[in-house]
Amino acid sequence: MTNLSEFPGPETEPNLNVDEIFKGFFETAITDAKTLFELVTDVLSKLTLNIPNCRGQCYDGAANVSGHKSGLQKRINDLVPRALYVYYTAHTLNLVVQDAMLNVERSRDFLFLVRSIIVFVRNSPKRQAIFNSLQVELELTSRSLRPFCPTR
């Protein structure tokens, strides 16, 4: 059995820093694994992030990203074998929280109100145009009005 004190850790490596920094959203019209791989490597390169230093990747269960034969995680793992893939469970948690909130009267009423406003705006081209012009006028970065993801 190996003594754990033999492995370097934060106590023995004073310069060890782990960073997790949100760098932005990046849009692509095509979402196949090859295109996503090119987008990720291009963005990391432009942000002057050394791709071989990446140690983790986290996606949902869509085959184009999580696929173990040709998905994005496999392509990145071929480039950086130590970039461990972890399934993104926050989506599942989001669905559970939404379902649980429907059992709390005030939360359910609030979600119903927001959903009704979204439907009201989206069902009229005139209201949608007014909404879009307000977003431009207020310089809001999000340009869409989407309903909550329904629980499955």
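Here are five short exercises on this structure, each with a worked solution.

Before you start, note that this is a predicted model, in which local features need pLDDT of at least 70, side-chain atom pairs count only at pLDDT 80 or more, and totals for chains, interfaces and linings use all residues. Residues are numbered from 1 along each chain as its sequence is written, and side-chain values use heavy atoms, with hydrogens and water left out.

**Exercise 1: the overall fold**

Find how many helices and strands the protein chain has, and the pattern they follow.

*Solution.* Start with the elements: helices (H or I, at least four residues) and strands (E, at least two) are DSSP runs, numbered from the N terminus. The protein chain has six helices and two strands. Next, read along the sequence, and the pattern is α-β-α-α-β-α-α-α. Finally, look at burial: 19% of the 152 residues count as buried. Here buried means under 20% relative accessible area, exposed over 50%, and partly exposed in between (1.4 Å probe, protein chains only).

**Exercise 2: the largest nonpolar core**

Work out which residues make up the largest nonpolar core, and which element gives the largest share.

*Solution.* First, the term: a nonpolar core is a set of buried Ala, Val, Leu, Ile, Met, Phe, Trp, Tyr and Cys residues joined through side-chain atoms within 4.5 Å. The largest one has 10 residues: L36, F37, L44, I51, Y59, V65, L72, I76, V80 and A83. Now sort by element: α1 (33-46) and α3 (72-79) are the elements that give two or more residues to this core. With three residues, α1 contributes the largest share. As background, nonpolar side chains tend to be buried together in soluble globular proteins.

**Exercise 3: an aromatic pair**

Describe the aromatic pair formed by Y59 and Y85, and say which strands hold the two residues.

*Solution.* Searching the whole structure gives one aromatic pair. Y59 and Y85 form this pair, with 5.9 Å centre to centre and 20° between the planes, and it is stacked. The rule is that rings of Phe, Tyr and Trp (its six-membered ring) pair if their centres lie within 6.5 Å; planes under 30 degrees apart count as stacked, over 60 as edge-to-face and the rest as tilted. Then place the residues: Y59 is in strand β1 (residues 56-59) and Y85 in strand β2 (residues 84-87), so the pair ties together parts that are 26 residues apart in sequence. Last, check burial: Y59 is buried at 15% relative accessibility, while Y85 is partly exposed at 23%.

**Exercise 4: salt bridges in helices**

Which residue does D78 form a salt bridge with, and where do the two lie? Do the same for D42.

*Solution.* A salt bridge is a side-chain nitrogen of Lys or Arg within 4 Å of a carboxyl oxygen of Asp or Glu. The whole structure has four salt bridges. D78 is joined to K74, with the closest N and O atoms 2.7 Å apart. Both lie in helix α3, four residues apart, about one turn of the helix. The side chains of D42 and K46 also meet in a salt bridge, at 3.3 Å from N to O. D42 and K46 are four residues apart in helix α1, and therefore separated by about one helical turn. For exposure, D42 is partly exposed at 36% relative accessible area, whereas K46 is exposed at 65%.

**Exercise 5: a charge over a ring**

Over which ring does the charged end of R127 sit?

*Solution.* The test is that NZ of Lys or CZ of Arg is within 6 Å of the ring centre and within 35 degrees of the ring normal. The charged end of R127 sits over the ring of F120, 3.8 Å from its centre.
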